[in-house]
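Student: I would like to take a close look at a single part of this protein, one helix and what surrounds it. Could you walk me through it in one connected account?

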Amino acid sequence: MTESPPPSAVVAAAIDLFAAQGFDQTSVEQIARAAGVSRSTFFRQFGGKDDVVFADHELLLDQLRDYLGEAHDDPWAAVCEACVQVYRHFAADPELARRRYTVVRQVPALRDREIVTVFRYERLFDEYLRGALPGLDPLDAVGFAALVTAVHNHVLRQLIRGPKRVPVTVLRRALDDAMRRFGVHPAGSPGGADDVAVAVFPRGMPAAEVARRLGAALGT
């Protein structure tokens, strides 16, 4: 008995067909045949043609929930690292990411679903920050979540719209700049264990982050 190909192989086969002959012109039967799976296996794994386009995102969202569910000393940096994990996934196979982007751009229903998917990342980051930083102003949580998501998508578009690889260091630098602009970059953290502690924070730093850093510096 032969093993069924992994879901990632089915995704790649589907994207290749969509790119070659169009999303609406491609049937589930064609995808299943190209991927070497049965029609029932396809529906069991994905549910429908549009689901296979966004299957990677479902996997990534689950992985990020697990990652953010772990303990992190710096919640802001943890959100940025989550963005890096998403970018690494798509940068690992930029040609597939480019073909997927082309397919999504050509189908209005897929573009609409992409917008919803982006919002799901934002909401995940927003909810994580509110839980990790009690007392954080909701506007700061949603603002940072939207900022880092937009920065990630900007760098990812550089990768999928051009012929060259864009290293993850480009995204890391952009996220560092985003943290500085938001007033939460780790380099601004106070330190020292003297009897008298003096700390200077950016004027725009969220109050909850000021409290977190003071607590960390004072060991409370």
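Tutor: A residue is called buried here when its relative accessible area is under 20%. By that cut-off, 43% of the 220 residues in the protein chain are buried, and, as with everything that follows, this is read from a predicted model. The chain has 11 helices and zero strands, and its C-alpha trace spans about 70 × 35 × 30 Å along the principal axes. Among the contacts with a separation of 6 or more, 67% join residues that are 24 or more positions apart.

The part I would single out is helix H6, which runs over residues 75-91. Its 17 residues should span 24 Å at 1.5 Å a residue, and because the C-alpha atoms at its two ends are indeed 24 Å apart, the expected and the computed spans agree. Of these 17 residues, 12 are buried, so H6 is mostly covered by the cut-off of under 20% relative accessible area. The buried residues are Pro 75, Trp 76, Ala 78, Val 79, Cys 80, Ala 82, Cys 83, Val 84, Val 86, Tyr 87, Phe 90 and Ala 91. What covers them includes helix H5 (55-68), helix H7 (94-106), helix H8 (108-132), helix H9 (138-161), helix H10 (168-182) and helix H11 (207-218).

It helps to begin at the N-terminal end of H6, where Asp 74 acts as a cap, with a side-chain oxygen 3.0 Å from the backbone nitrogen of Trp 76. Asp 74 itself belongs to the loop between H5 and H6, and its relative accessibility is 14%, which is under 20%, so Asp 74 counts as buried. Beyond its neighbours within four places in sequence, Asp 74 is in contact with Pro 186 and Arg 212.

Trp 76 leads on to another part of the chain, since it is among the residues touched by Val 184, which lies in the loop between H10 and H11. With a relative accessible area of 0%, Val 184 falls under the 20% cut-off and is therefore buried. Not counting residues up to four places away in sequence, the other residues that Val 184 touches are Phe 144, Met 179, Met 205, Pro 206, Glu 209 and Arg 213. The C-alpha atoms of Val 184 and Ala 77 are 8.7 Å apart in space, although the two residues are 107 residues apart in sequence.

Further along H6 comes Val 84, which has a relative accessibility of 1% and, because this is under 20%, counts as buried. Leaving aside its neighbours within four places in sequence, Val 84 is in contact with Val 168, Leu 171, Arg 172 and Leu 175. For a contrasting pair, the C-alpha atoms of Val 84 and Pro 5 are 79 residues apart along the chain and are separated by 28 Å.

H8, one of the helices that cover H6, deserves a look of its own. It has 25 residues and reaches 37 Å from its first C-alpha to its last, close to the 36 Å expected at 1.5 Å a residue. The buried residues in H8 include Leu 110, Thr 117, Tyr 121, Leu 124, Phe 125, Asp 126, Tyr 128 and Leu 129, and what covers the buried residues of H8 includes helix H4 (49-53), H5, H6, H7 and H9. Within this helix, Thr 117 has a relative accessible area of 6%, which is under 20%, so Thr 117 is buried. Leaving aside its neighbours within four places in sequence, Thr 117 is in contact with Phe 54 and His 57.

Finally, H6 also has a share in the largest pocket, which has a volume of about 470 Å³. Of the 23 residues that line this pocket, the closest to its centre are His 57, Glu 114, Val 118, Asn 153 and Leu 156. The elements that give two or more residues to the lining are H6, H7, H8 and H9, and H9 gives the most, with seven residues. By type, the lining divides into 13 nonpolar, five polar and five charged residues.

Methods. Residues numbered from 1 in each chain as written. Predicted model: local features only at pLDDT ≥ 70, side-chain atom pairs only at ≥ 80, totals over all residues. Heavy atoms only, no water. Helix = DSSP H or I, 4+ residues; strand = E, 2+ residues; numbered from the N terminus. Expected span 1.5 Å × (residues − 1). Buried < 20%, exposed > 50% of the residue type's maximum accessible area, 1.4 Å probe, protein only. Contact = heavy atoms within 4.5 Å. Polar contact = N/O pair within 3.5 Å; in protein donor to acceptor, adjacent residues only side chain to side chain. 1 Å grid on protein atoms, 1.4 Å probe; cavity = no way out; pocket = protein on both sides within 12 Å on 5 of 7 lines; lining within 4 Å. Points joined across faces, edges and corners; volume = space filled by probe spheres on them. Nonpolar A, V, L, I, M, F, W, Y, C, P; charged D, E, K, R; others polar.
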